[in-house]
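Dear colleague,

I am handing over the structure below for your records. A summary of what was found in it follows.

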Amino acid sequence: MVTAAQPLPLPRTARLRHLGPNWYASVMGTAIVGSAGAALPGPAHAAHGVFAAFWALSLLLLTALLIARALHWSRHRDQARAHLLDPAMAPFYGCLAMALLAVGGGALTAGRELIGTHTAVALDAVLFTAGTAVGLGAAVAVPYLMAVRHRVDAAQASPVWLLPLVAPMVSASAGPPLVPYLPPGQPRATLLLACLALFGLSLLAVLLTLPLVFARLITTGPLPLALTPALFLVLGPLGQSTTAVGLIADAAPGVVAAPYGRGLAVFAVLYGVPVTGFALLWLALATAHVVRARRRGMGFTLTWWAFTFPVGTCVTGAATLARHTGLMVYDALAAGLYGVLVAAWLTAARGTVRGLLSGALPAAPRPAPVALPSGTGRTRSGAAR
């Protein structure tokens, strides 16, 4: 996700230098197509081979990006450190954690028939552990850097700030499917309650940050054109938290004491229904902003991957509510949102491939333009907003 709407092509030798952690969003967006599809009810299971193919592609993308980013850190350490000190780029380190978690979780849901249950569990366990550790580190380190080094103010509030905070919520939903594969008793209960703690950690942090994003929209005006798709990132903690409480409730019977197991099932509905309602409200608001930005010349950037993973979490959240309430309306909502997810993935993937082939991606950051007359706003690429 970059700030320039139409970046200039870079020499091949310079392209690796500008490969930032934002590229992990493509892994997340690809993995969720497979795992969200596997969560759909009924006839969708006939397409399980397609879902497994998307998961396999996400695994390949993750492997390639981990290697490329390791080379980036070894060959361009100054640029890598600059990313950490850039308030627009540092939050994307949360994407590394979520990419690990998304691919790991997809191994059990979409990839199990492809690689076998034993391999899927082992791969998920490794990626879950690594992703959770990276996510917790990002949830602490990025806000710390924002406080002591980045020098940001409320007028700069962006949905991107949510990325490191929502990573533990992805862990909260990725952990429960692993619970049955642990020894009964303390190990299972410990992992399940740890996931509930991760849910609370992330939720409270998001609740502190989200009002800043909404207030920025109301008091300062729309985001710059190239950043407008990032509004969809708000859907991530909403859909992912609904998914998390539902999966925790699914795993609770026989793991925690009977009153708490039943209470978690009730909580999954009492929490998930109103949060999904707010997610639909935000989806409409974000869509209106994107339509406005598109009419004003918003071009493709990696920010368009924000249309994928957050919408996918709403698919899994709706599917979870369908199981817990038995209401067909949530089945229909999950199917409809999945159609949006697939269309978004096709659009983002096409734009990314075209950018890679043309040499426009990865894109170098551009200097900000000179000051404009009062009342005129422009992105760093010069596009009017």
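**Salt bridges**

Asp250 has a relative accessible area of 37% and is therefore partly exposed. Please keep in mind throughout that the model is a predicted one. The side chain of Asp250 forms a salt bridge with that of Arg323, at 2.6 Å from N to O. This pair connects distant parts of the chain, since Asp250 belongs to helix H10 and Arg323 to helix H12, with their positions 73 residues apart. Arg323 is likewise in the partly exposed class, at 45% relative accessibility.

The count of salt bridges in the model comes to 2. In the other pair, Asp78 meets Arg17 through their side chains, at 2.8 Å from N to O. Here too distant parts of the chain are linked: Asp78 is in helix H4 (residues 77–84), Arg17 is in the loop between helix H1 (12–15) and H2, and the two are 61 residues apart. Asp78 is partly exposed, with a relative accessible area of 47%, and Arg17 is partly exposed at 25%. In general terms, side chains of opposite charge can pair when their charged atoms come close.

**A buried arginine without a partner**

Arg216 is located in helix H9 (residues 186–220). It is buried but takes part in no salt bridge. Why does Arg216 have no salt bridge? The nearest side chain of opposite charge, Asp153, is 8.3 Å away, whereas a salt bridge requires the nitrogen and the carboxyl oxygen to be within 4 Å, so the pair does not qualify. Setting aside residues up to four places away in sequence, Arg216 touches Ala154, Ala155, Ala157, Gly221, Pro222, Leu223 and Pro224.

**Overall architecture**

The chain contains 13 helices and 0 strands, so that every element in the order from the N terminus is written as α. Of its 385 residues, 53% are buried. Among contacts with a separation of 6 or more, 81% are between residues 24 or more positions apart. The accessible surface of the chain is about 16400 Å², and carbon and sulfur atoms account for 70% of this area.

**Pocket and cavities**

The second largest pocket holds about 610 Å³ of space. It is lined by 27 residues, and those closest to its centre are Ser35, Gly105, Thr109, Pro177 and Leu247. At least two lining residues of this pocket come from each of helix H2 (24–39), helix H5 (93–109), helix H8 (163–174), helix H10 (235–251) and helix H12 (309–325).

As for enclosed space, the count is 3 cavities of 30 Å³ or more. The largest cavity has a volume of about 100 Å³. Its lining consists of 15 residues, of which Thr276, Ala279, Leu280, Cys314 and Leu337 are the closest to the centre. H10, helix H11 (258–295), H12 and H13 each give two or more residues to that lining. Which helix supplies the largest share of the lining of the largest cavity? That is H11, with 5 residues.

**Backbone features**

Two places in the backbone deserve a look. As a rule, most residues other than glycine have a negative phi, and most peptide bonds are trans. Arg151, although not a glycine, has a positive phi of about 55°. Arg151 is in the loop between helix H7 (117–150) and H8. With a relative accessible area of 63%, Arg151 is exposed.

The peptide bond that joins Leu361 and Pro362 is cis, with omega at about -10°. Pro362 is placed in the segment after helix H13 (328–358).

**Ala52 and its surroundings**

Ala52 is part of helix H3 (residues 48–75). Is Ala52 buried or exposed? Its relative accessibility is 8%, so Ala52 counts as buried. Apart from neighbours within four places in sequence, Ala52 is in contact with Ala110 and Leu114. Ala52 and Ala107 are 55 residues apart in sequence, and their C-alpha atoms are 8.5 Å apart in space.

With kind regards

How values were computed
Residues are numbered from 1 along each chain as its sequence is written. This is a predicted model: local features need pLDDT of at least 70, side-chain atom pairs count only at pLDDT 80 or more; totals for chains, interfaces and linings use all residues. Side-chain values use heavy atoms; hydrogens and water are left out. Helices (H or I, at least four residues) and strands (E, at least two) are DSSP runs, numbered from the N terminus. Buried means under 20% relative accessible area, exposed over 50%, partly exposed in between (1.4 Å probe, protein chains only). Lys and Arg count as positive and Asp and Glu as negative; His and the chain ends are not counted. Contact means heavy atoms within 4.5 Å. Accessible areas come from the Shrake-Rupley method with a 1.4 Å probe; for residues, only the protein chains shown count as cover. On a 1 Å grid over the protein atoms alone, a cavity is a set of points where a 1.4 Å probe fits but cannot get out, and a pocket is an open set with protein on both sides within 12 Å along at least five of seven lines; lining residues have an atom within 4 Å of a point. Grid points are joined across faces, edges and corners, and a volume is the space filled by probe spheres set on the points.
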